[in-house]
Amino acid sequence: MYQYLGLEDTIAAIATPAGQGGIGIVRISGNEAIAKADMVLRLRGSKALADCKSHTVHHGWVIDAETKEIIDEVLVTLMRSPKSYTAEDVVEINGHGGMTVLRAVLQVVLNTGVRLAAPGEFTKRAFLHGRMDLTQAEAVIDIIHAKTESFLRQSHHQLKGELSIQLNEMREELIKLYTMTEALINFPEDSIDAQNRRQILNRIILQEDKMAKLLESSKSGRILKEGIRIVLCGKPNVGKSSLLNALLKEQRAIVTPIAGTTRDVLEESAQIKGIPIALVDTAGILEPRDLIEIEAVKRSQLYIKGADLVLLVLDHSRPLEEQDRLLMEQLKAVRVLVVVNKMDLGGQIDGSVPEAIFGQENVIKVSTLQSASIQELEARIVSLICKDINFDAHGVLVSNIRHVKALEAAQENLQGACRLMKENTSLEFISEELKAAVNQLDAITGRNIDEDLLDRIFSEFCIGK
């Protein structure tokens, strides 16, 4: 059982991002949240927060208990247990959004004996009080870090408990199967015949199939969450920076007619068809002339090695040169889309060479001056990276690597149980495989999880959430 020694403490933290804004919030949660808030609040009408109904908002002032000075004019929201985010009494003090005034409000609250919350502690309390399971808690941080609307929608599905529902349905069926096998082990007079074994086997196979479908969704889930890395490479002055700007839809990279303008790696973020993309423009240098260019070449090679897709940019207006051929040879081992750029200029390139090396389907002709060709390039990028992957953000997707590892382990347990059933092995061994699979599912939802791992998960949250 997870031992959380600070659960009885009343905690507080600034719940809004650092910086200036219209409103800033100091959140207090715990058994003494209301009493501690009353020590620093003067509400309009001289009423006490303790006498107010839950889920109400009150106008007042935060007062320094020692000097009696007004710190800020505020609106105070009261949410009584258990109908609050943490399932504890929660008071949220909504004041002006400057960090100086928010820190001052927080300090007078802490001066009453309230403890400063640790990162993610409000959400941890929600989990420990049964307000949400661990997958829903992890969805909170996914919502905060979401890079695209597609992943934001998916995170909201997880926060609503849709992944948990599927996991719990599988868990309940596996527990039934485990209970059945244990009964047959403990009461051998109730012998199991071939037909019963086949029924148990079919039920195990059905759950293994459900796990396989969830794991299949992890391919699209990972891409929606983490995005893909696309590296642009090519010899100098083929239009890599112009292509980067066209994909970003803004002038981010410096573009000049001078070859070698980009002397270092430039990385920017974009969205293509709702998928987060890290676009990397590499230095178009093959023969470095100084220490700066040597380092630039090293970085370019490292980025190419770790890319999900490399866009090899060639110049349609110039014949292929030795540098082009050398790059094509070096890139044979990675996933490449050849982009023949500057189609608006006269053609001198021999397009059959890249087509012979990478395949005609992996060569596209574009002009960065024509938006239609850029849209075609975006569609080709998505089709290459996301081939055979379903990006239905309205369904349940697994995007968390911890969930993937646990599901893979549970699937392996069920596959082992199926194999043992087919081999007519003793039910004791099959029962152990079923029990192990249940434990893996429980690790995902938080019913059964290592304490250090739980602490590590919530430490990734910001303070105040």
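A residue is called buried when its relative accessible area is under 20%, a cut-off worth keeping in mind for the views below.

**View 1. Thr181 in its helix.** In this predicted model, Thr181 sits within helix α6, which covers residues 162-186. The relative accessibility of Thr181 is 0%, so this residue counts as buried. Which residues does Thr181 touch once its neighbours within four places in sequence are set aside? The contacts are Leu427, Ser431 and Leu434.

**View 2. The fold around the helix.** Stepping back, we find 15 helices and 13 strands in the protein. Its radius of gyration is 29 Å, well over the 23 Å that the globule rule gives for 465 residues, so the protein is more spread out than a compact globule. The C-alpha trace spans about 80 × 80 × 40 Å along the principal axes.

**View 3. Inside the protein.** Thr181 has company here: buried residues make up 50% of the 465 residues. Now take the contacts in the protein with a separation of 6 or more: what share of them joins residues 24 or more positions apart? That share is 69%.

**View 4. Surface and charges.** The accessible surface of the protein comes to about 23,000 Å², and carbon and sulfur atoms hold 51% of that surface. For those who like to look at electrostatics, the protein carries 54 positive and 65 negative charges. How far apart are the mean positions of the positive and negative charges? They are 3 Å apart.

Methods. Residues are numbered from 1 along each chain as its sequence is written. This is a predicted model: local features need pLDDT of at least 70, side-chain atom pairs count only at pLDDT 80 or more; totals for chains, interfaces and linings use all residues. Side-chain values use heavy atoms; hydrogens and water are left out. Helices (H or I, at least four residues) and strands (E, at least two) are DSSP runs, numbered from the N terminus. The radius of gyration is taken over C-alpha atoms; the globule rule is 2.2 Å times the number of residues to the power 0.38. Buried means under 20% relative accessible area, exposed over 50%, partly exposed in between (1.4 Å probe, protein chains only). Contact means heavy atoms within 4.5 Å. Accessible areas come from the Shrake-Rupley method with a 1.4 Å probe; for residues, only the protein chains shown count as cover. Lys and Arg count as positive and Asp and Glu as negative; His and the chain ends are not counted. The place of a charge is taken as NZ of Lys, CZ of Arg, CG of Asp or CD of Glu.
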